[in-house]
Amino acid sequence: MKPTYTKAAHLACLRDMLPKGKITLVGEQEATMVRVVPHVFRGMIDDDMFEWFVISFDKEVSAPKSKERMARFREALEGYKEKVRAVIGEEISDRYLLEQFCAERMSTAFTEARNGVKIPYSIANFQSRQFPQIWIRSPAEYFGETRKIVGFPLLRKKYRDPLKKLAFDQEISDPDLRAALARRALRATVQPVSTFMASLRHRTSPTKRAGGKGSRNGPAYINGAVFNPAVLMAFLNIYRVHYNWFEPRQYKGPGASAGSEAPVEEGMSAIRVPGSDETIEVPKRATTSPVMLTPAMRLGADSVKANGRTRKAPDPRRVLYRPWLYHGTPLWKKFETR
C-alpha cells in the first residue's frame with residue numbers, strides 16, 4: 001500500500017497548492033492512480049471542476065522516425081489549412097483549424113487478439129463502469145509524442161455521461177462530442193514534465209539516472225549522487241519552484257494556446273551585411289513574436305497583470321515551504337515566527 005499512499009499524498013499536496021479553479025490532470029496508465037485520483041479529487045469531481053486524461057505514445061521510436069512522423073503531420077495540417085481557408089476565408093485562427101483537423105481524423109483505439117477478437121486498449125484497472133471505455137487515436141503528432149492514444153477517465157458531466165454509453169470499439173458520431181475530445185486530446189501531453197526533467201538532469205548531476213545501456217563501459221556511477229531522499233526532495237523542490245515561477249522563456253508550438261504570441265509593430269529592422277560592420281534597414285517581416293512567460297503564467301497559476309507591471313515574486317511559504325509543513329522541516333518555523 002505504500003506506493004498508493006505516496007501518490008495520494010502528492011496529489012493532495014498538489015490540490016491544496018494550486019489556485020482555486022478547474023484542474024486537468026494528465027498522466028500515463030498507472031494502476032494505482034485508479035485507486036487514488038477519484039478519492040483525492042472527489043469534491044472537485046462533484047463540482048464539475050476536475051478532468052483526468054491518460055495518454056500513451058510510442059516511446060521506442062527512433063529520433064529520425066519521430067521527426068519524419070511529425071513532418072508528415074505538419075505537412076498534412078498545412079494542406080488542410082489552405083483547403084479550408086480557400087473556401088471559408090483567412091480570418092480563421094490556426095488553433096481552431098488544428099482542433100477541426102483532429103476532430104475529423106481521430107478514431108477509436110482498440111487492440112485485437114490473435115483470433116481477431118477486439119480488446120479494449122486500456123489496462124484492466126481502467127476497464128471499470130465508472131470510466132468511459134472509449135480511447136481515441138489522436139492524429140496530432142508533435143512534441144515527440146507520436147502515435148498518441150488518449151483516454152478520458154474523468155470529464156465534465158455533459159461529455160462524460162454520453163461517452164460512457166458507448167462501447168469501447170464504437171466510433172463517436174456526435175460532432176460536439178468529437179470536437180470536445182479533440183480539444184482535450186491536444187492538451188493531453190506530458191511534454192512540460194519531460195522538458196522539466198530533461199532540464200533538471202542536464203543542469204544537476206546528482207539527479208542523473210545511475211546506470212545506462214552502454215555496451216562498452218556498462219552501468220555508470222554518478223559521483224555526488226544524493227542518497228538521502230529527504231535531501232534530494234528538498235533540492236528538487238527548490239529547482240521546481242525556480243523553473244516554474246522564475247524562469248520566463250518563449251513557448252511556441254503546435255499545441256500553444258492563445259496569449260503565447262504578441263503582435264509586432266510595423267516598421268524597419270536593421271540587418272548586418274555579412275563580413276562587415278555595415279547594416280541596412282529592411283521592413284519587418286514578422287507579424288507576431290513569442291511572449292516571454294514562465295510555465296506558471298502560461299498555465300494560469302500565476303496570472304499576467306493587465307497593466308504590464310513587474311510582478312512581485314510569489315510567496316515562498318506557499319510555493320516552496322508549504323509542502324514541508326507536515327514533514328518536520330525547521331524552515332517553516334523560521335517563516336512562521338516572523
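**Aromatic pairs, a buried lysine and a hairpin**

Phe-143 counts as partly exposed, because its relative accessibility is 24%, and buried would require a value under 20%. The model in which this residue sits is a predicted one. The ring of Phe-143 belongs to an aromatic pair, and the account turns to such pairs next.

How many aromatic pairs does the structure hold? The number is 12. One of them is formed by Tyr-121 and Trp-135, whose ring centres are 5.8 Å apart and whose planes make an angle of 50°, a tilted arrangement. Tyr-121 lies in the loop between β4 (118–120) and β5, while Trp-135 belongs to strand β5 itself, so this pair ties together parts that are 14 residues apart in sequence. The accessibilities of the two residues fall into separate classes: Tyr-121 is partly exposed because its relative accessibility is 23%, whereas Trp-135, at 2%, is buried. Another pair joins Tyr-142 to Phe-143, with 4.6 Å from centre to centre and 85° between the planes, which makes it edge-to-face. The angle is over 60°, so it falls in that class rather than among the tilted pairs. Tyr-142 has a relative accessibility of 6% and is therefore buried, while its partner Phe-143 is partly exposed at 24%.

Tyr-121 and Trp-135 are also members of one aromatic cluster, together with Trp-52, Phe-126 and Phe-131.

The next residue to look at is Lys-148, placed in the loop between β5 (135–137) and β6 (149–154). Is Lys-148 buried or exposed? It is buried, because its relative accessible area is 4% and the cut-off for that class is under 20%. What does the side chain of Lys-148 find as a polar partner? A polar atom of this side chain lies 2.8 Å from the backbone oxygen of Ala-188. Beyond its neighbours within four places in sequence, Lys-148 is in contact with Ser-56 and Phe-57, with Ile-136, Arg-137 and Ser-138, and with Ala-185, Ala-188 and Thr-189. Ala-188 thus appears both in this contact list and as the residue whose backbone oxygen faces the lysine side chain at 2.8 Å.

Further along the chain, strands β8 (residues 268–272) and β9 (residues 279–283) run antiparallel and are joined by five bridges. One example is Ala-270, whose bridge partner in β9 is Glu-281. The two strands form a hairpin, with six residues between them. In the turn, Gly-275 has a positive phi of about 80°.

Conventions. Residues numbered from 1 in each chain as written. Predicted model: local features only at pLDDT ≥ 70, side-chain atom pairs only at ≥ 80, totals over all residues. Heavy atoms only, no water. Helix = DSSP H or I, 4+ residues; strand = E, 2+ residues; numbered from the N terminus. Buried < 20%, exposed > 50% of the residue type's maximum accessible area, 1.4 Å probe, protein only. Polar contact = N/O pair within 3.5 Å; in protein donor to acceptor, adjacent residues only side chain to side chain. Contact = heavy atoms within 4.5 Å. Pairing = 2+ DSSP bridges. Phe/Tyr/Trp six-rings, centres within 6.5 Å; stacked < 30°, edge-to-face > 60°.
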